[in-house]
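Here is a short briefing on aromatic rings and the charges that sit over them. Have the structure open as you read.

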Amino acid sequence: MTGMNTNELVDYIQRNGAKWIAIDGRCGSGKTTLAACLREALGAQVIHMDDFYLRLEQRTKERYREPGGNVDRERFLSEVLEPLRKGSDVSWHPFSHLTMSLSNEVKMAFAGVLTVVEGSYSLHPDLRWAYDLKIFSDISPEEQRKRILARNGANAPMFFERWIPLEELYFEKMGIRDHADIIVRND
């Protein structure tokens with residue numbers, strides 16, 4: 001399913017009773033914005049995969065060779081996804097880009113609440129079983145480049161040289177787009 005606007009997506013979610021939604025997709029494609037719209041329209045709680053980047057000690061060559069290996073999906077699964085799915089409220093320490101470690105901040109999510117997991121690697125095969133609705137957010141390479149330059153400024157080359165190639169490898173090797181129920185185009 002493609003070509004849905006946000007209102008149509010909200011209506012679709014309400015009609016189909018989805019309680020667990022993942023939004024994966026290309027960097028700069030609007031995943032965070034879409035999740036915020038769903039939070040506003042549906043009262044959903046949003047969990048960001050950015051909270052689960054690898055800590056420095058986890059960043060090995062072997063781990064980066066794994067498609068989707070640059071996120072700590074094991075921690076996300078054990079600390080958040082599995083307990084929430086079993087009906088327990090959860091808390092976690094998000095990854096801090098300033099310290100490159102887990103922050104002292106505590107985030108929480110509550111069982112029984114419509115949950116949107118937003119971010120690259122949220123539809124990794126180890127995680128995708130948990131979602132009622134899987135969304136892939138897509139964007140053209142030209143628009144992606146414009147958005148990354150505008151959003152990330154001096155850090156944009158790191159996205160072009162490192163993060164986007166890792167994402168593209170993950171999308172290709174794991175068939176992420178093919179496993180999505182809905183593809184949202186944001187360019």
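Is Phe 171 buried or exposed? With a relative accessibility of 7%, Phe 171 counts as buried, because the cut-off for buried is under 20%. Please keep in mind that this is a predicted model. Seven aromatic pairs are found in the structure, and two of the residues' pairings are described below, along with two charges over rings.

**The pair of Phe 136 and Phe 171**
- Phe 136 and Phe 171 make an edge-to-face aromatic pair, with 5.2 Å from centre to centre and 80 degrees between the planes.
- This pair links distant parts of the chain: Phe 136 belongs to strand E8 (residues 133-138) and Phe 171 to helix H6 (residues 156-174), 35 residues apart.
- Phe 136 is buried, and its relative accessible area is 0%.

**The neighbouring ring in the sequence**
- Phe 171 also pairs with Tyr 170, this time in a tilted arrangement: the centres are 5.4 Å apart and the planes are at 50 degrees.
- Tyr 170 is buried too, with a relative accessible area of 0%.

**The cluster**
- Through ring pairs, Tyr 121, Phe 136, Tyr 170 and Phe 171 are linked into a cluster.

**Charges over rings**
- Arg 145 places its charged end over the ring of Phe 160, at 4.2 Å from the ring centre.
- Arg 162 has its charged end over the ring of Trp 163, 5.2 Å from the centre of that ring.

Conventions. Residues are numbered from 1 along each chain as its sequence is written. This is a predicted model: local features need pLDDT of at least 70, side-chain atom pairs count only at pLDDT 80 or more; totals for chains, interfaces and linings use all residues. Side-chain values use heavy atoms; hydrogens and water are left out. Rings of Phe, Tyr and Trp (its six-membered ring) pair if their centres lie within 6.5 Å; planes under 30 degrees apart count as stacked, over 60 as edge-to-face and the rest as tilted. Helices (H or I, at least four residues) and strands (E, at least two) are DSSP runs, numbered from the N terminus. Buried means under 20% relative accessible area, exposed over 50%, partly exposed in between (1.4 Å probe, protein chains only). A charge sits over a ring if NZ of Lys or CZ of Arg is within 6 Å of the ring centre and within 35 degrees of the ring normal.
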